[in-house]
Amino acid sequence: MTYNVQIKVMPLKDLLDPQGKAVMGGLKNLGITAIDDVRIGKHITLQIEAASEDAAKALADEASKKLLANPVMEFYEIEMIN
């Protein structure tokens, strides 16, 4: 069966997010001042062929740990969307 999985990868909260800071500066330059913080991350969608939802989630977790997220700088969340 094919499972659709979304992975959200975001910078760790304690680390500086230079892209977020640049966007924040741009928003302020546009006069949009009500936004207090911006964090920029990645949204990854996978289609996984697996025997079960648990197996698909395990594959997504393995891919995230080994390639999609840098655990030193980022955290990730996996969501099944079937």
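**View 1. The exposed side of helix α1.** On one side of α1, P18, Q19, A22 and N29 are exposed (over 50% relative accessible area, 1.4 Å probe, protein chains only). This is a predicted model, in which local features need pLDDT of at least 70 and side-chain atom pairs count only at pLDDT 80 or more, while totals for chains, interfaces and linings use all residues. Residues are numbered from 1 along each chain as its sequence is written, and side-chain values use heavy atoms, leaving out hydrogens and water.

**View 2. The buried face of α1.** On the other side from those exposed residues, G20, M24 and L27 are buried (under 20% relative accessible area). Seen down the axis, the buried residues of α1 fall within an arc of 60° (taken from the directions from the helix axis to the C-beta atoms), so they line one face of the helix. Helix α1 (a DSSP run of H or I, at least four residues) covers residues 18-29 and reaches 17 Å from first to last C-alpha, close to the expected 16 Å (1.5 Å times one less than its number of residues). After α1 comes G31, with a positive phi near 85°.

**View 3. S64 in helix α2.** Here we look at S64, part of helix α2 (residues 53-68). S64 is buried, with a relative accessible area of 0%. Leaving aside residues up to four places away in sequence, S64 touches I7, A69, Y76 and I78 (heavy atoms within 4.5 Å).

**View 4. V72 in a loop.** V72 sits in the loop between α2 and β3 (74-80) (strands are DSSP runs of E, at least two residues). V72 is exposed, with a relative accessible area of 64%.
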